[in-house]
Amino acid sequence: MNTYLTSSYASTQPGDVDKSRDLVVDFGQILGILKRGWWVIAGAGFIGTLIAVVLVLQVTPSYTSSARLLLGQKSQVDDAMGAMFPDIRLDSDAISGEIAILTSARLLAQVSQTLELDSHPEFNPAMTAEEDGPGHVEQATDWAVDMVKLVLGMNPEAPPADAPEDGQVSPVQNAAMTGKRLLGTQADYAGILASNLKVSQEGRSNLLVIRYVSSDRLLAAAVPNALVDLYLDDQLDRRFSILSRVTSELEARLEVMRERLETAERAVIEFRNQNLAEGFGSRSQLEQQLSDLSTRLSAAKAENAELTSDLQGIDGIIDDHGALAAVGLFSSPIIEGLLEELAGLRARAVRLTLQFGEDIPQLREVQSEIDRLETSLTNEIMRLRDNRARMAELSSRRAVSLQADLRAMEQRSILQAEGEVRLSQLEREQAAAQVVYETFLDRFTQTREVEAQEGDAQVIDYANPPPAPFAPNKKLSAALGGLAGGFIGMALVFVHHLTRNRVKTTGELERLLPDFTIVPMPSVWRLFRRAAPLGTALQSGPSPLGEAVRTLRSILLLSEPAVVSVVSPLAEAGKTTTAINLARSFCRAGRSCVLVDADLRRGDVADLLSLGKSPDLHDLLVSWPQPLDAALHKDPDSELRVITTKGGVADPGAVLLSKTLGPLISELRTRFEVIVFDTAPLLNGPDALPLIRHSDAAIMVVPRMSHVEDVRAAVGKLGRFAVASRISVFNFASSKEVGTYY
């Protein structure tokens, strides 16, 4: 058994749902492939492990340590001032701002100055041991940068664009260097600290983790500890600054609150006197009017709905059975008189027919009078129907008018309610302003006796020197290198297996099948996606696929076969698509043709062409003889007749070997010039063999990149039968092999 991965080529017509791609995998064969290529996999794994170990040994070990800081601790200042000045109390929304302060260049420059990082080898390259020169990687990088500059027309030796000319500094350069000038000599060191520092929040809590990565284990712990201490001092400075600013502006804010309270009181009085004096007590009357209008509107809508429903019923009867069928729905003296005259004339016509026969002048005169009366009756019915329509339209207009009146009344109610709401709002603002003023005054009195003595942050844990580096992990790196090498080795084994012993060109297939006529069949593509080959083959204009199908049809017509079997070595070769296109091409050439889906296990012609599945081929073979016309489904895009299958038959071989297959084929021969069988794959079972035995021509569809062994095995099965014409379709061929004449 061979291993193969296949995907569905036969796609549906435009508008149909595409078939999902099938995957067929033989795990036993996969294990066999891996077993044969074990030395490649082992060698690739060993090389990957060796490369990973070498790379790890070249990496400088990194240490990390972290300190934990809890924010939001309450202090005396918070008790006294927190309710009035949220900017001196830290809540969860301000944590991101505190993280920004912790990672700011200002604090990091202070850390650098405190720890004297300018004398540390990690920050001062001048203190590192001199090397023999730049490494190969650095040399290659510098060379590449110089080449890019030369290509762009830049001088590699030119000074940077921001370098001052003649020692003069422009205002733009002065403003651009403000940050570095404030940080002083620690500016560069602050940038290095920021690149290796990470401050994160644990979950949704106020707990911050300050982590630093360094090649020095002591420095990895020293930086977080120094940063935490400097942050606490900086926080106390900020709190003192805030408190000083608040107390200096407190009296002005008290005056503003007093004015706001007086303004709110005046607004309440003015609004009540000026805007609510007129019509304030008429709310109950307005609600009664709204209720009356709503009741009248409901009655008008109900009347309109009843009239509209009656009119629709009358129109439905007239449309379905004519105007005379609705005569019982109307009552008028004219209708009653016409009905009496019509009944008398019809009775007279019956008597004349019984006495003298149908071919007399008197009977024709009576019949003419009957037609005239029926026309008059129809006109009267349509007049009454139009009266009903006008009544329905009048009822609809009445409902629209009532709806407009109701909306106007509701708008008046809304305006009155808004006025009452505005009054309540002003009263609430007045009360709130009074409470704020009194509370602020009390807090101000307490604040004068309180001093900010502590920050609102607390150190939970200081960082400790790590005992071992966290990176690189030598064991994990070696394992990952070996695993990656093993996967690469497996990929190489599978690529080698999948690319050898495969049919890649039409010439290779001709050498493999010397007794077959080879017809290359191209793929159909439309800008990065595969188009529907069934729809492409139906196009009247020239196309590579259409010409290939017509070539296949011409070869078959020269041998004048009556029964053609379309087979393939394995599934998903494009066999069903080829069979459908070929059968449609026969019909377009003026030949009567029937397509029989003979794959009783997985036939999908019905789904591809959107046809019915009952009765199908299995029903015909099991219940033969029976009428054949019910099973002949018509292709919606051609004159082709199709016998479908529902699939899922447990033992299709037994069904196709039954004695009813021969009589069925004989009956089809008498009714159609060409019979096309879409069979099951040859190597997946013996289902196709009974059909090949009755065939005049066999078409074996071989997709590109098929295994040579599969093709030979399929030809061996096909060679058991004396088929007059043998053709092989090389499916999915490249456009170069198909030709570009058209």
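Here a trainee asks how labels in this predicted model are justified, and a mentor answers.

Trainee: What is in the chain, in helices and strands?
Mentor: The chain holds 25 helices and 14 strands. It has 742 residues, and 39% of them are buried. The exposed area is about 42200 Å², with 55% of it supplied by carbon and sulfur atoms.

Trainee: What share of the contacts with a separation of 6 or more links residues 24 or more positions apart?
Mentor: That share is 81%.

Trainee: Let us take one region. How do you know that the span of helix α12 agrees with its number of residues?
Mentor: Helix α12 covers residues 333–356, which is 24 residues. At 1.5 Å a residue, the helix should span 34 Å. The end C-alpha atoms are 34 Å apart, so the two values agree.

Trainee: Which residues of α12 are buried?
Mentor: I335, L338, L342, L345, A349 and L352 are buried.

Trainee: Why is I334 called partly exposed?
Mentor: I334 lies in helix α12. Its relative accessible area is 46%. Buried needs under 20%, and exposed needs over 50%. I334 falls in between, so the label is partly exposed.

Trainee: How far is I334 from I381 in space?
Mentor: Their C-alpha atoms are separated by 9.9 Å. Along the chain, I334 and I381 are 47 residues apart.

Trainee: What comes just after α12?
Mentor: G357 does, with a positive phi of about 95 degrees.

Trainee: Now the loop before α12. Why is F330 called buried?
Mentor: F330 is in the loop between α11 and α12. Its relative accessible area is 9%. The cut-off for buried is under 20%, so F330 qualifies.

Trainee: What does F330 touch, leaving out residues up to four places away in sequence?
Mentor: F330 touches I314, I335, I381, L384, R385 and R388. Take R385: F330 and R385 are 55 residues apart in sequence. In space, C-alpha to C-alpha, they are 8.4 Å apart.

Trainee: Is S332 buried or exposed?
Mentor: S332 is buried. Its relative accessible area is 10%, and the limit is under 20%. S332 also lies in the loop between α11 and α12. Beyond its neighbours within four places in sequence, S332 is in contact with E380 and L384.

Trainee: Let us move to a helix pair. What makes α5 and α9 roughly perpendicular?
Mentor: Their axes cross at roughly 105 degrees. Angles of 65 to 115 degrees count as roughly perpendicular. The value of roughly 105 degrees falls in that range, so the label fits. The axes come within 8 Å.

Trainee: Which residues of α5 and α9 meet?
Mentor: From α5 come A105, L108, A109, V111 and S112. From α9 come Y189, A190, L193 and A194. The residues of this contact divide into 8 nonpolar, 1 polar and no charged.

Trainee: What is notable about the phi of E116?
Mentor: Phi of E116 is near 50 degrees, which is positive, and E116 is not a glycine. Most residues other than glycine have a negative phi. E116 sits in the loop between α5 and α6.

Trainee: Why is E116 called exposed?
Mentor: Its relative accessible area is 53%. Exposed means over 50%, so E116 passes.

Trainee: Which strand holds F732, and what is its phi?
Mentor: F732 is in strand β14, residues 725–733. Its phi is positive too, near 65 degrees.

Trainee: Is F732 buried or exposed?
Mentor: F732 is buried. Its relative accessibility is 17%, and buried means under 20%.

Trainee: How do you know that the bond from S614 to P615 is cis?
Mentor: Its omega is near -5 degrees, and the bond is cis. P615 lies in the loop between α19 and α20. A cis bond also joins W624 and P625, where omega is about 0 degrees. P625 is in the loop between α20 and β9. Most peptide bonds are trans.

Trainee: One last helix. What makes α18 mostly covered?
Mentor: In α18, 13 of its 14 residues are buried. Its span also agrees: 20 Å is expected, and its end C-alpha atoms are 20 Å apart. After α18 comes G590, with a positive phi near 90 degrees.

Conventions:
Residues are numbered from 1 along each chain as its sequence is written. This is a predicted model: local features need pLDDT of at least 70, side-chain atom pairs count only at pLDDT 80 or more; totals for chains, interfaces and linings use all residues. Side-chain values use heavy atoms; hydrogens and water are left out. Helices (H or I, at least four residues) and strands (E, at least two) are DSSP runs, numbered from the N terminus. The expected span of a helix is 1.5 Å times one less than its number of residues. Buried means under 20% relative accessible area, exposed over 50%, partly exposed in between (1.4 Å probe, protein chains only). Contact means heavy atoms within 4.5 Å. Accessible areas come from the Shrake-Rupley method with a 1.4 Å probe; for residues, only the protein chains shown count as cover. Axes are lines fitted to C-alpha atoms, for helices over the stretch in contact, and angles run from 0 to 180 degrees between N-to-C directions. Angles under 35 degrees count as roughly parallel, over 145 as roughly antiparallel, 65 to 115 as roughly perpendicular and the rest as oblique. Ala, Val, Leu, Ile, Met, Phe, Trp, Tyr, Cys and Pro count as nonpolar, Asp, Glu, Lys and Arg as charged, and the others, Gly among them, as polar.
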